[in-house]
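Please examine the fold shown below, beginning with its overall make-up and then turning to its interior.

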Amino acid sequence: MTDQSDEVRPLRVGAGPTLFDAVSACLPFFDDLPASVVARLAAGGYGRGLLTASLRARLRKAGFADMGALALASPADLMAVRKVGPVRVDAIRVHLLGEIARLVPGARALHDRTATDRRRMERLRAVPLERLALDAALVGRLGPAGTTCADLASRRRPEIGPDRASSAADLDRIVAALVRVLLPESPRVPPAADPEAAEEALAAHDRAKLLRDRDREWDEAAPAPPIRPGRTP
């Protein structure tokens, strides 16, 4: 039986996205993914059967050299790449989850979308609205005392828009503040001035070149498509 949580489905926008949907789009696909798992994903390049050669090239040009980099990316990161939309983002997430599940027993239950959403909402529920990094006047318009960040994140933008005198800029600040609750401010990539980071960047460049060469070899080795009757090669 197919695990419904693993099915490819577009990002949740059809019924009107909540602030939590906007927050999730800015967070990495997976919470607390061990560095050893990211390294093993990276060693596999992009694998086979998921992305076309042109999409692989676009992703690498945007800085996503392998599946390890994709696993640390957010949906918003990937959708900034041309021709990578919500459906492809979800396909990438499902593919990554399958690869992680091969490496780590029980990872599918721990890192599927339902479990990840539930874990994030629990963390938001533990934080009172007053602790959001926003000015007191705006916080006061968002809810009475006792309101949690989870209560706020469950709302849709129109529910806290003009009726509460919240501008589009205010709403963007609210989403950013909720993201900071779930993802404390710390760079996911070390500064380029760090010597170790420079060495890692060079190694990543060399690995990306090796993977490009391997992808080209795979594409060249793939069987040619059949010639249909009435057409010449």
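The paragraphs that follow go from the whole chain to its helix packing, its cores and some local features.

The model is a predicted one. The protein chain contains twelve helices and zero strands, and along the sequence this reads as α-α-α-α-α-α-α-α-α-α-α-α. Of its 233 residues, 39% count as buried. Among the contacts in the protein chain with a separation of 6 or more, 66% join residues 24 or more positions apart.

One helix pair illustrates the packing. Helix H8 (residues 113-125) packs against helix H11 (residues 168-182) at an angle of about 100°, and their axes are 10 Å apart. Because angles of 65 to 115 degrees fall in that class, H8 is roughly perpendicular to H11. On the H8 side the contact involves Arg120, Arg123 and Leu124, which meet Leu178, Val181 and Leu182 of H11. By class, this contact comprises four nonpolar, no polar and two charged residues.

Two residues of that contact recur in the interior. The largest nonpolar core has 25 residues, and those with the most contacts inside it include Leu124 and Leu178, together with Leu132, Leu134, Leu152 and Ile174. The elements that each give two or more residues to this core are helix H1 (19-25), H8, helix H9 (136-142), helix H10 (149-153) and H11. Of these, H11 gives the most, with seven residues. Ile174 shows how such a residue is surrounded: leaving aside residues up to four places away in sequence, Ile174 touches Leu19, Leu134, Leu138, Leu142, Leu152 and Ile160. Apart from this core lies another, of 24 residues, with Tyr46, Leu55, Ala73 and Ile92 among them.

Leu55 leads on to helix H3 (residues 53-61), where Leu55, Arg56, Arg58, Leu59 and Arg60 are buried. In an α-helix, residues three or four places apart point the same way, because there are 3.6 residues a turn. After H3 comes Gly63, which has a positive phi, near 105°.

The last feature concerns aromatic rings. How many aromatic pairs does a search of the whole structure find? The search finds one. The pair is formed by Phe29 and Phe30, whose rings lie 6.0 Å centre to centre with 45° between the planes, a tilted arrangement. Are these two residues buried or exposed? Phe29 has a relative accessible area of 5% and is therefore buried, and Phe30, at 4% relative accessibility, also counts as buried. Both assignments follow because buried means under 20% relative accessible area.

Note on methods
Residues numbered from 1 in each chain as written. Predicted model: local features only at pLDDT ≥ 70, side-chain atom pairs only at ≥ 80, totals over all residues. Heavy atoms only, no water. Axes fitted to C-alpha atoms, helices over the stretch in contact; angles between N-to-C directions. Helix = DSSP H or I, 4+ residues; strand = E, 2+ residues; numbered from the N terminus. Parallel < 35°, antiparallel > 145°, perpendicular 65-115°, else oblique. Contact = heavy atoms within 4.5 Å. Nonpolar A, V, L, I, M, F, W, Y, C, P; charged D, E, K, R; others polar. Core = buried A, V, L, I, M, F, W, Y, C linked by side-chain atoms within 4.5 Å. Buried < 20%, exposed > 50% of the residue type's maximum accessible area, 1.4 Å probe, protein only. Phe/Tyr/Trp six-rings, centres within 6.5 Å; stacked < 30°, edge-to-face > 60°.
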